[in-house]
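Trainee: I'd like a close look at just one part of this model, please, and how that part sits with everything around it. Take your time and show me the numbers.

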Amino acid sequence: SEYLAASIFLGMLLGGTLLGFLSDHIGRRPALLTGLTVNATAGFFSSFPYLTPNLALLTMWRFVAGIGIGATVPSLFSLASEWSPKEVR
């Protein structure tokens with residue numbers, strides 16, 4: 001079960017690193033929507049017992065969800081700072 005928790009953080013590390021750089025090339029909004037879609041899809045699939053019959057598959061889905069979570073963080077922070085007024089930044 002320790003691998004289950006670690007897989008989310010490893011996915012967040014990879015997702016934030018890879019899609020954070022990719023968001024500079026494809027845009028922050030498409031990167032944010034991609035990360036949200038990946039997170040929602042993996043979370044949805046990990047909730048079904050017949051798609052996660054063992055711990056290894058659940059860990060895989062959680063890893064993919066972590067990639068989606070990590071992909072949203074850089075884009076969200078960048079978009080929030082771009083959209084907020086200069087007085088608030």
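Mentor: Let's zoom in on helix H2, residues 28–46: at 1.5 Å a residue, its 19 residues should span 27 Å, and the end C-alpha atoms are indeed 27 Å apart. (That expected span is 1.5 Å times one less than the number of residues, and a helix here is a DSSP run of H or I at least four residues long, with strands being E runs of at least two, all numbered from the N terminus.) Before going on, keep in mind that this is a predicted model, in which local features need pLDDT of at least 70 and side-chain atom pairs count only at pLDDT 80 or more, while totals for chains, interfaces and linings use all residues. Residues are numbered from 1 along each chain as its sequence is written, and side-chain values use heavy atoms, with hydrogens and water left out.

Now, which residues of H2 are buried? They are Ala31, Leu32, Gly35, Ala42 and Ser46. They cover an arc of only 110° around the axis, which puts them on the same side of H2. Buried means under 20% relative accessible area, exposed means over 50%, and partly exposed is in between, with a 1.4 Å probe and protein chains only; the arc is taken from the directions from the helix axis to the C-beta atoms. As background, an α-helix has 3.6 residues a turn, so residues three or four places apart point the same way.

What does that side of H2 pack against? Its buried residues pack against H1 and against helix H3 (55–83), where a contact means heavy atoms within 4.5 Å.

Those partners are worth a look too. H1 has 25 residues and reaches 35 Å from first C-alpha to last, close to the 36 Å expected. Its buried set includes Gly11, Gly15, Gly16 and Gly20, along with Leu4, Ile8 and others, and the buried residues of H1 pack against H2 and H3. H3 has 29 residues and reaches 41 Å, close to an expected 42 Å. Among the buried residues of H3 are Trp61, Gly66, Gly68, Gly70 and Leu79, and what covers them includes H1 and H2.

Back to the start of H2. H1 is followed by glycine 27, whose phi is positive, near 105°. Then comes Arg28, where H2 begins. Arginine 28 is partly exposed, at 27% relative accessible area, and it has two acidic partners. Aspartate 24 forms a salt bridge with arginine 28, the closest N and O atoms being 3.8 Å apart; a salt bridge is a side-chain nitrogen of Lys or Arg within 4 Å of a carboxyl oxygen of Asp or Glu. The other partner is glutamate 82, which meets arginine 28 at 3.4 Å, N to O. Glutamate 82 lies in H3 and arginine 28 in H2, so this pair ties together parts that are 54 residues apart in sequence. How accessible are the two acids? Aspartate 24 is exposed at 51%, while glutamate 82 is partly exposed at 42%. Put together, Asp24, Arg28 and Glu82 form a salt-bridge network, and a search of the whole structure finds two salt bridges.

H1 also has a side that isn't covered. Leu10, Leu13, Leu14 and Leu18 form a nonpolar surface patch with about 380 Å² of accessible area together. Leucine 13 lies in H1 and is exposed, at 53%. Leucine 14, also in H1, is partly exposed at 36%, and beyond its neighbours within four places in sequence it is in contact with Leu19 and Phe63. Patches take residues with over 30% relative accessible area and no salt bridge, joining like charges within 9 Å and nonpolar side chains (Val, Leu, Ile, Met, Phe, Trp, Tyr) within 5 Å. Areas come from the Shrake-Rupley method with a 1.4 Å probe, and for residues only the protein chains shown count as cover.

Stepping back, the chain has three helices and zero strands. Of its 89 residues, 29% count as buried. And of the contacts with a separation of 6 or more, 72% come from residues 24 or more positions apart.
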